[in-house]
Amino acid sequence: MTNSPTKSWRHGECHCGEVGFAVNLPDSVVALSCNCSMCAKTGFIHLIVDKADFRIERGAESLTTYRFGTQTARHTFCSKCGVKAFYVPRSHPDGWTVNLRCLDADANLQLRFEEFDGANWDETNAQTHSERGQ
């Protein structure tokens, strides 16, 4: 049996507040800074979570989805203000990634930042899985 860190629900929203969400996170998290074409242009900083640790609280009807490349990732954004607060990533199609920048200011997280070479996604993803023994 392993000790898992205690988690608590943190809240966030898009710029206009139409879309609100909650994410269940431990106090200490790893935030990924990715250099792929999408993240570099939008400034998205990833907090990757399991499906059970994420919920849309309001505004699901205002979300628009954009797919490109392999069509695996489901990039969602608010149709009113255009902010992408979360989406289903290619690397974790059964989970979510939340934009750290969209969490409420009182999220009180201890952050460790790591770089992710999404510009070379296939090679980086294969290396990451091999380092984790997957």
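Two strands count as paired here if DSSP finds at least two bridges between them. On that basis, the predicted model holds an open sheet of 3 strands, laid out in the order β1-β2-β5 with antiparallel pairing. The edges of this sheet are taken by β1 (7–13) and β5 (54–58). Each of these two has just a single partner strand, so one side of each is left without a neighbour in the sheet. As for twist, neighbouring strands of the sheet are turned by 30° against each other on average, with direction ignored.

Zooming in on one pair, β1 and strand β2 (residues 20–26) run antiparallel and are joined over 7 bridges. One of the residues to look at is K7, whose bridge partner in β2 is P26.

Stepping back to the whole protein chain, there are 2 helices to go with 10 strands. Read along the sequence, the pattern goes β-β-β-α-β-β-β-β-β-β-β-α, so to speak a string of strands with a helix after the third strand and another at the end.

What about burial and contacts? Of the 134 residues in the protein chain, 41% are buried, where buried means under 20% relative accessible area. Among contacts with a separation of 6 or more, 57% link residues 24 or more positions apart in the sequence. On the outside, the protein chain exposes about 8000 Å², and carbon and sulfur atoms supply 47% of that area.

Technical notes: Residues numbered from 1 in each chain as written. Predicted model: local features only at pLDDT ≥ 70, side-chain atom pairs only at ≥ 80, totals over all residues. Heavy atoms only, no water. Helix = DSSP H or I, 4+ residues; strand = E, 2+ residues; numbered from the N terminus. Buried < 20%, exposed > 50% of the residue type's maximum accessible area, 1.4 Å probe, protein only. Contact = heavy atoms within 4.5 Å. Areas by Shrake-Rupley, 256 points an atom, 1.4 Å probe, with all protein chains shown as cover. Axes fitted to C-alpha atoms, helices over the stretch in contact; angles between N-to-C directions.
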